[in-house]
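Reader: I am new to this structure and would like to go through it by question and answer. Please show it to me before we start.

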Amino acid sequence: MPDRDRLKKRVIAEVDRRRDELIALSLKLHANPETAFQEEKASAWLADRLEGEGFALERGICRIATAFRASHGEGEPKVAFLAEYDALPGVGHGCGHNIIGTASTAAGLAAKAVVAETGGAVLVIGTPAEEAAGGKVYMADRGAFEGLTCAMLVHPGNRDVAVSQSLACLELNVEFHGRAAHAAARPEAGLNALDAMIASFANIGLLRQQLRDSARIHGIITDGGQAVNVIPHHTAASLLIRAEDDPYLDDALKGNVLACFQAGAQATGCHLEHRWGEESRYKAMRTNRPLAEAYRANIEALGRRVAEPEPRRSMGSTDMGNVSAIVPAIHPTIAVAPVDIPIHTVEFREIAASEAAHEALLDSAKALAMTAVDVLTDADLRRRMRKEFEQAG
Ligand SMILES: [Zn+2]
Ligand SMILES: [Zn+2]
């Protein structure tokens, strides 16, 4: 068995010797923000870089033009780094995906240097549209992550965390059909679809106090009627329903929320139509603990101190959750900004091009590549990863 410490020193050196060009690449992505599915430059720059160093490239995988798969080596294990590179409309790289895309690419380049010795394969998979549609949701459905030993990415944020949490998230679209009538002359002839909607939103407001702490229900009315002197015959709304785990969402929340709308329909005599957006559902993140523990040891060896996950921390949702349902996966965060500067802000965008971002880029690339060394060389770690993954499923 190759000496693991020596291989880790090697991948660290591989990142360090590319320091200047990696920082330049991250800044180039930052200066050229592209939103979901439009990431033509970013995906080409990263894929070209990998191809230039000998990776086999497949571009436009999963019927998504800006997705790619770069691979080197053969057989098992297969370690994948996932690269995100989309920006936010109006804000640019306010989520720091320029750092993620560059770090995962750098980790691939570094790990490639040891694959001849370890055996197995290393992949960098370009995953567009994390912010908008959830590119990984579709890529997961289309088989992009099948057969991997594990999948990893590191997200910039406010703290160094190895075990991240994210909420399952499901869209619900509703419509009420009533009957139009003159709102002053003949209101008794109408069935008020706006009343049905308002009653439903009030029901949801009441439901909230019985929900688990981390559950979230939020929505907007997309059609509230057409004319003030007409009883609205049609209204529509779009909602997102989020929960800490998928069974709670399926077994409790879906039924509770739908009942709120059914009650609105019954109270007003309107007809309810609804549609769950299962095809775009984000699953809750299932962090693989043995893999996260390997990452934690590696990032701490680089001098960072990893915080324990806070049980009541605020949470969003990420399409990495869908990957974590298919293969052992981690989605750690690395500190680049003070806690009072949240992601998705202009302030965070500025930090994503700062010295702190460059250090996070290099550290996360090294820690990812070092963790790949662990997975490639440690059969016991792979067995524990697999066991936990199967138990959690
Ligand atoms: Zn984001
Ligand atoms: Zn993000």
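Reader: Which protein atoms are the donors of the zinc ion (ligand 1)?
Author: In this predicted model, residues are numbered from 1 along each chain as its sequence is written, chains are lettered from A and ligands numbered from 1 in the order in which they are written. Local features need pLDDT of at least 70, side-chain atom pairs count only at pLDDT 80 or more, totals for chains, interfaces and linings use all residues, and side-chain values use heavy atoms, with hydrogens and water left out. Donors are N, O and S atoms within 2.8 Å of the metal (3.2 Å for Na, K and Ca), and water is not among the atoms, so sites may look incomplete. At 2.0 to 2.6 Å from the zinc ion (ligand 1), the protein donors are C95 (SG), E131 (OE), E131 (OE) and H344 (NE2).

Reader: What is the geometry of the site of the zinc ion (ligand 1)?
Author: Four donors count as tetrahedral if all angles lie between 85 and 135 degrees; four count as square planar and six as octahedral if opposite donors are over 155 degrees apart and all others between 65 and 115; anything else is irregular. Here the angles among the four donor atoms run from 53 to 145°, and the site is irregular.

Reader: How many residues apart in sequence are the parts that C95 and H344 tie together?
Author: The donors of the zinc ion (ligand 1) have the spacing C-x35-E-x212-H along the chain. C95 lies in the loop between β3 (78-83) and α4 (97-118), and H344 in the loop between β12 (333-335) and α10 (346-351), so the parts tied together are 249 residues apart in sequence. Helices (H or I, at least four residues) and strands (E, at least two) are DSSP runs, numbered from the N terminus.

Reader: Is C95 buried or exposed?
Author: Buried means under 20% relative accessible area, exposed over 50%, partly exposed in between (1.4 Å probe, protein chains only). H344, at 37% relative accessibility, is partly exposed. C95 has 5% relative accessibility and therefore counts as buried.

Reader: Which residue coordinates both the zinc ion (ligand 2) and the zinc ion (ligand 1)?
Author: The protein donors of the zinc ion (ligand 2), 2.0 to 2.3 Å from it, are C95 (SG), H97 (NE2) and H155 (NE2). The two zinc ions are 3.0 Å apart, and the residue that coordinates both is C95.

Reader: Where does H155 lie?
Author: The donors of the zinc ion (ligand 2) are spaced C-x1-H-x57-H. C95 and H155 tie together parts 60 residues apart in sequence, because C95 lies in the loop between β3 and α4 and H155 in strand β6 (residues 155-157).

Reader: Which residues is I61 in contact with, leaving aside its neighbours within four places in sequence?
Author: I61 sits in the loop between β1 (56-59) and β2 (68-74), and at 9% relative accessibility I61 is buried. With contact meaning heavy atoms within 4.5 Å, the partners of I61 beyond those neighbours are A67, F68, R69, I125 and M139.

Reader: How many of the residues of α11 are buried?
Author: Helix α11 (residues 355-377) reaches 33 Å from its first C-alpha to its last, close to the 33 Å expected at 1.5 Å a residue; the expected span is 1.5 Å times one less than the number of residues. α11 is mostly covered, with the buried count at 20 of its 23 residues.

Reader: What share of the 393 residues of the protein count as buried?
Author: The protein has twelve helices and twelve strands. The C-alpha trace spans about 85 × 45 × 40 Å along its principal axes. Of the 393 residues, the buried share is 54%.
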